[in-house]
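Here is a short report on a protein with a bound ligand. Please look over the sequence and the structure before reading on.

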Amino acid sequence: MDGSTRQTRVTSSHWGAFEVDTEGDRIVAARPFAPDPHPPAIPAILPAAVHHRSRVARPAIRRAWLATRDRSGRGDGDYVDLPWDEALDIAAAEIDRVRKTHGNGAIYGGSYGWASAGRFHHAQGQIHRFLNTIGGYVASFGSYSTGCAQSIMPHVFGENFLTLTYETQDSYATIADHTETLVMFGGINPKNSQVSMGGITEHATAGWFDRFAEKGMVRINIGPQRGDAPEGCEWLPCRPGSDTALMLALAYTLEAEGLADHAFLASHCTGWDRFRPYLMGETDGQPKSPDWAAPLTGVGPDKVRALARRMATTRTLITVAWSLQRQEHGEQPYWMSAVLAAMLGQIGLPGGGVGYGYGAIGGIGKDFRPIGGMTLPQGRNAVPDVIPVARVADMLLHPGQPYDFNGERRTYPDIRLVYWAGGNPFHHHQDLSRLHDAWTRPETVIVHEPWWTATAQRADIVFPATTPYEREDIGRSPLDDYLFHMPALIPPVGEARDDYAIFAGLAGRMGLGPAFTEGRSAADWIDHLYAGFRDRAGAAGVAVPTLDELRARNWVKLDIAAEEQPKPILRRFRADPEGAPLRTPSGRIEIFSETIDGFGYDDCPGHPVWLPPAEWQGAATAEAPLHLVSPQPGDKLHSQLEAALADVEGARPETVLIHEEDAKPRGIATGDLVRVFNRRGSVRARARVTSDILPGVVALPTGAWFGAGRGNMDPNGNPNVLTRDVGTSRLGQGTSAHSALVEVARLD
Ligand SMILES: Nc1nc2c(c(=O)[nH]1)N[C@H]1C(S)=C(S)[C@@H](COP(=O)(O)OP(=O)(O)OC[C@H]3O[C@@H](n4cnc5c(=O)[nH]c(N)nc54)[C@H](O)[C@@H]3O)O[C@H]1N2
Ligand SMILES: Nc1nc2c(c(=O)[nH]1)N[C@H]1C(S)=C(S)[C@@H](COP(=O)(O)OP(=O)(O)OC[C@H]3O[C@@H](n4cnc5c(=O)[nH]c(N)nc54)[C@H](O)[C@@H]3O)O[C@H]1N2
Ligand SMILES: [Mo]
């Protein structure tokens, strides 16, 4: 022990605040933050993760790339450590070469990923500012979380999807007061609301469900897993990918039994007359009745009729998990849920209508006065090219090839250099073998990472980045009411540098130092950004301490609770559809969209329709008879902290849930090692046999580090070895992660 003092301070993260003990240059313990009523267990693993042997210690360059600019061997593990100056010289020269030879449009900097919670050192802001400074880059649109919804929902409600969810949906308080029936497609899972981008301090979802139960609210979880909603909710098992059929059957029942609100459909919607003939079977001879839907969904017709009647006669809120649009034809359940809610005529009423993403992140359902945030200005991107974020492998594999996206015909750019900071595509992208092939195309791949992730292991130049615990920052999210000073708890581990310092070093070498830094150190930027935030908050009537005061106090709770916040857009539209129209072409909710119809897409026509995915239980084969869903992990955020979690005895491979009826004929018992596989690849997993999952469905969470070379079995259990890399449709082009068929066998 060196006589250095033990210190305890609080910091923030995407999964909330926590207390950290340090001794000298080491983090020795992390504990829950006292004001948090339901603190997650995630921080406990932090000390082991921060000081893990898999930290990137020094700048590293792949030996074969350095020698011959080899592109085929990415993943070979053979690196040369270099001093910072030399590595930065090489990287700056290479970026310069690419932009001068091929133009900035040959640099892909979409760099998707969650990175860390601090506002200044957020890797996405840093990389985009840097790439804009040097002349621009090919960017990405949307997210893996909600990319498909971000494309379809503006056509339906006329709002940006995130504005719609964050600014028009009811808070849990309003739901508790008004909702009588809560119909949750894909559940609402407190496990997922542990996290929220930028931080979430008081974890409240589980507490709200206790309130809902006390109030006698009927809470129905529709989907493949009982565990997707808190205990005490009713579970209506439904096949993954079939929700649109179930929604259509509910809608059919409303119409057939005279329960639909035709007055609301006439006053607030457009296109009911175009949709009704499809619903009732006049256009295709197939009424979308509960009997029609039953073999598709697995839900009995009587249950559907009873639910439709209850929804029509009580204050009903339909909620839809983000997972429903992370699948092939994900546009349809999203659009159809809005049509179903419109038929109930409760949109804009407190505790009624439809809401998206409750439970997905902890910030949704909270209700705070907006006081603005704190972000590093990113500058302007001189390159107009943008790809839908989940089409990255298509882009690398097919330069120059045309593709459709939300009414536009676009062309994939010819990418020579890929730059990633703050994301892990070899964790998050679908069909990792295909991504591996795509990854051999660019001439150079540069990655900033604290850990040797699968992505870092496939980069030519790896810069070791600090974690948030090794640098000063401010923690603040618009969906949270706390403000944190995040102190540098320990010095950088190894030779790690902040993303800001790395980019400043590159910009300087390219003669653009002052343009990137504006002459500010990291501390100057934090001062500057904080001052702007404090001014805006002050203008909104919210007192925020000075930065020095905040440093001394470590954290404060902001007085931004909204007393029954008016949710303006849909409330006003309901009260006055002519005076406060939506920003759709018709000014109304679009049940039929002339715009979408005009695109002429057979995979997303002018009104919601049932379109089966290519891979789901309805298309099960002898080789791949089980539907794989790949939810978010409960014990961490995506692939973060995985290095240390994987060290825990028995933790890897990851656990796959399988129904007893499927386990039995395969001779599988809880604890058995199994192989989950399809024609795209195979992974090792550990079975847990349960009756809380629909027979024919297996669930393997995301986040295990992809640990295989191409074509080999992944020993750790990353589901993206198995998922299918296709867009949701030509409209949304989101990820189809939840649409995959697999087989499971015991490993002996
Ligand atoms: N099959 C399947 N796949 C999915 C999903 C699914 O449901 N099913 N979900 C998708 C969704 S919604 C998402 S959001 C993605 C998540 O995918 P990602 O956001 O890519 O996952 P993370 O593990 O959070 O990756 C963040 C990386 O940034 C690194 N990092 C952290 N802090 C810093 C920093 O300060 N600087 C730098 N340079 N690096 C840092 C971390 O070590 C980590 O490797 O996964 C997607 N993939
Ligand atoms: N602890 C933790 N929380 C997280 C994250 C994390 O990594 N860890 N990641 C965060 C991120 S980035 C995001 S985007 C959100 C995602 O939030 P969600 O999209 O809500 O979460 P998922 O876990 O992908 O899926 C929720 C459930 O949907 C069900 N499901 C899958 N397909 C279907 C279907 O076709 N129909 C129905 N009805 N149900 C289906 C599955 O059983 C699954 O358990 O979670 C966030 N929360
Ligand atoms: Mo996400």
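## Helix H18

In helix H18 (residues 499-509), the buried residues are Asp499, Tyr500, Ile502, Phe503, Gly505, Leu506 and Ala507. The model is predicted. An α-helix has 3.6 residues a turn, so residues three or four places apart point the same way.

Gly511 follows H18. The phi of Gly511 is positive, near 75°.

## Ligand 1 and its shell

Around ligand 1 there are 34 residues. Those that come nearest are His428, Glu449, Asp499, Ser639 and Asn720. Asp499 is also among the buried residues of H18.

By class, the shell holds nine nonpolar, 21 polar and four charged residues. Domain 2 (60-138 + 380-477 + 482-557) and domain 4 (617-746) both contribute residues to this shell, so ligand 1 lies between them.

## Polar contacts and cover

Three side chains place a polar atom by the ligand. For Glu449, a polar side-chain atom is 2.4 Å from an oxygen atom of ligand 1. For Ser639, the distance to an oxygen atom of the ligand is 2.5 Å. For Gln632, the partner is a nitrogen atom of ligand 1, 3.4 Å away.

On its own, ligand 1 has 920 Å² of accessible area, and the protein covers 98% of this. Two elements give two or more residues to the shell: helix H16 (425-428) and strand E18 (444-449).

## Glu94

Glu94 sits in helix H3 (residues 84-102). Is Glu94 buried or exposed? Its relative accessible area is 3%, which is under 20%, so Glu94 is buried.

Beyond its neighbours within four places in sequence, Glu94 is in contact with Trp65, Arg69, Leu417 and Thr444.

Definitions and conventions
Residues are numbered from 1 along each chain as its sequence is written. Chains are lettered from A and ligands numbered from 1 in the order in which they are written. This is a predicted model: local features need pLDDT of at least 70, side-chain atom pairs count only at pLDDT 80 or more; totals for chains, interfaces and linings use all residues. Side-chain values use heavy atoms; hydrogens and water are left out. Helices (H or I, at least four residues) and strands (E, at least two) are DSSP runs, numbered from the N terminus. Buried means under 20% relative accessible area, exposed over 50%, partly exposed in between (1.4 Å probe, protein chains only). Contact means heavy atoms within 4.5 Å. A residue is near a molecule or strand if one of its heavy atoms lies within 4 Å of it. A polar contact is a pair of N or O atoms within 3.5 Å; within protein, one must be able to donate a hydrogen and the other to accept it, and residues adjacent in sequence count only if both atoms are side-chain atoms. Accessible areas come from the Shrake-Rupley method with a 1.4 Å probe; for residues, only the protein chains shown count as cover. Ala, Val, Leu, Ile, Met, Phe, Trp, Tyr, Cys and Pro count as nonpolar, Asp, Glu, Lys and Arg as charged, and the others, Gly among them, as polar. Domain bounds come from an automatic or database domain assignment.
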